[in-house]
Protein chains: 2
Amino acid sequence: MELYRERGFDQTTAAEIAARAGVNERTFFRHFPDKREVLFDGEGDLRAALTQAVIDAPDGLEPFEVLLCAFRESGRNLEDNRAFSQPRWEVIAVTPALRERELAKHAWLTDAVAVALRRRGLGHGLAGLAARTGWAAFQHAVQAWIDDPSQSLDAHLLRAFGDLRALATTALPAK
Amino acid sequence: MELYRERGFDQTTAAEIAARAGVNERTFFRHFPDKREVLFDGEGDLRAALTQAVIDAPDGLEPFEVLLCAFRESGRNLEDNRAFSQPRWEVIAVTPALRERELAKHAWLTDAVAVALRRRGLGHGLAGLAARTGWAAFQHAVQAWIDDPSQSLDAHLLRAFGDLRALATTALPAK
DNA sequence: CGCGTCGCGTCAGCGACTGACACCACGTTG
DNA sequence: CAACGTGGTGTCAGTCGCTGACGCGACGCG
């Protein structure tokens with residue numbers, strides 16, 4: 001992270017990272033499958049947390065309510081760890097190769113959400129659809145929050161899911 | 001495509017592609033920014049077509065109806081060119097690096113859809129949300145179609161958007 | 001004929017990775 | 001205590017994606 005922020009991702013070589021960490025370059029590649037993965041280490045935990053949050057959501061909720069509930073919980077972690085994740089986002093945002101990897105991780109997390117929804121008894125197809133579209137709304141909220149941090153992520157999330165419901169049911173004023 | 005299908009993407013070197021094409025390796029990289037981009041050449045056209053389809057959709061439709069309309073039109077092209085795109089999908093499906101690139105292209109197309117929706121007068125935030133979630137439903141339908149080609153893509157599309165509406169409005173039976 | 005320029009080939013080089021091998025600090029077992 | 005396996009490391013050589021710089025020939029134009 002230090003090096004990526006100082007020189008940018010593309011201008012940082014794996015050898016430099018290894019040197020800064022006090023290990024050999026070969027050792028670096030034994031711990032990370034590639035240079036990008038360094039920034040996506042916690043995603044495994046996030047996946048587990050997300051899965052658990054979906055499973056632990058109260059009974060009797062409809063699918064989108066379950067997702068909203070789970071995302072709000074994840075959102076709380078996001079807001080708390082913002083000091084941690086903000087520099088990471090800044091690096092990713094300016095580096096196409098990293099944005100690609102992030103999208104791949106999102107797909108991976110979406111799969112986990114779909115599996116968790118199925119475990120709640122939702123039908124196979126519906127679980128996938130709900131996970132995909134719900135995740136899209138989640139990402140929209142996160143983006144809106146980054147663009148406008150004056151409102152809480154939670155507020156953005158509630159608005160996104162509210163807007164989604166409105167979009168799916170009735171016509172909306174062009175505003 | 002020939003080489004990617006014969007040996008797989010990872011086992012194919014840029015030099016081999018260039019040789020098969022009868023040009024120098026350096027020349028290959030003058031036409032394509034990287035090895036993966038070979039498989040994503042038509043995306044520019046698709047982006048334009050998608051944008052146009054959104055803009056050309058009838059007036060008076062609500063956002064998701066506009067998207068459904070545009071996606072159905074794109075879907076028709078997909079079904080027609082299936083012989084072309086099927087081998088491409090097979091290569092992409094088994095190659096993580098290519099799946100990453102594809103997701104990046106999807107984000108790029110989603111942006112185009114959002115812009116087109118705004119051009120129709122939809123509010124800034126809503127356009128982004130509708131584009132993201134609508135695209136998610138589209139991709140879900142495409143995936144369902146690949147998994148079950150016995151039904152038309154169009155049918156899968158209609159079902160996906162119908163299910164999405166149902167998900168967003170009321171609780172659904174666990175099926 | 002002379003002139004730009006445009007596409008290409010050639011070459012040298014960087015950096016991300018990878019496989020193979022040796023080393024060394026351990027805990028285990030005889 | 002010695003032999004042994006084991007897991008993390010350094011070293012080296014090599015492949016491959018990709019890039020910059022240079023030179024060449026083909027082409028259009030005055």
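How many nonpolar, polar and charged residues does the surface near DNA strand D have? There are 4 nonpolar, 5 polar and 6 charged residues. Here Ala, Val, Leu, Ile, Met, Phe, Trp, Tyr, Cys and Pro count as nonpolar, Asp, Glu, Lys and Arg as charged, and the others, Gly among them, as polar. Near means that a heavy atom of the residue lies within 4 Å of the strand.

This is a predicted model, in which local features need pLDDT of at least 70, side-chain atom pairs count only at pLDDT 80 or more, and totals for chains, interfaces and linings use all residues. Residues are numbered from 1 along each chain as its sequence is written, chains are lettered from A and ligands numbered from 1 in the order in which they are written, and side-chain values use heavy atoms, without hydrogens and water.

**DNA strand D**

In total, 15 residues surround the strand; the closest are A:Thr27, A:Arg30, A:His31, B:Arg26 and B:Lys35. Of the strand's atoms within 4 Å of the protein, 49% belong to sugar or phosphate, the rest to bases. Three polar contacts (N or O pairs within 3.5 Å) follow.

| Protein atom | Partner on strand D | Distance |
|---|---|---|
| A:Thr27, polar side-chain atom | phosphate oxygen | 2.3 Å |
| B:Ala14, polar backbone atom | phosphate oxygen | 3.0 Å |
| B:Lys35, polar backbone atom | phosphate oxygen | 2.7 Å |

Two elements give two or more residues each to this surface: α3 (25-31) of chain A and α3 (25-31) of chain B. α3(A) gives the most, with 4 residues. Helices are DSSP runs (H or I, at least four residues), numbered from the N terminus.

**B:Trp145**

B:Trp145 lies in helix α8 (residues 124-147) of chain B. B:Trp145 counts as buried (under 20% relative accessible area, 1.4 Å probe, protein chains only) because its relative accessibility is 2%. Beyond four places in sequence, its contacts (heavy atoms within 4.5 Å) include B:Leu78, B:Trp89 and B:His156.

Note on methods. A polar contact is a pair of N or O atoms within 3.5 Å; within protein, one must be able to donate a hydrogen and the other to accept it, and residues adjacent in sequence count only if both atoms are side-chain atoms. Buried means under 20% relative accessible area, exposed over 50%, partly exposed in between (1.4 Å probe, protein chains only).
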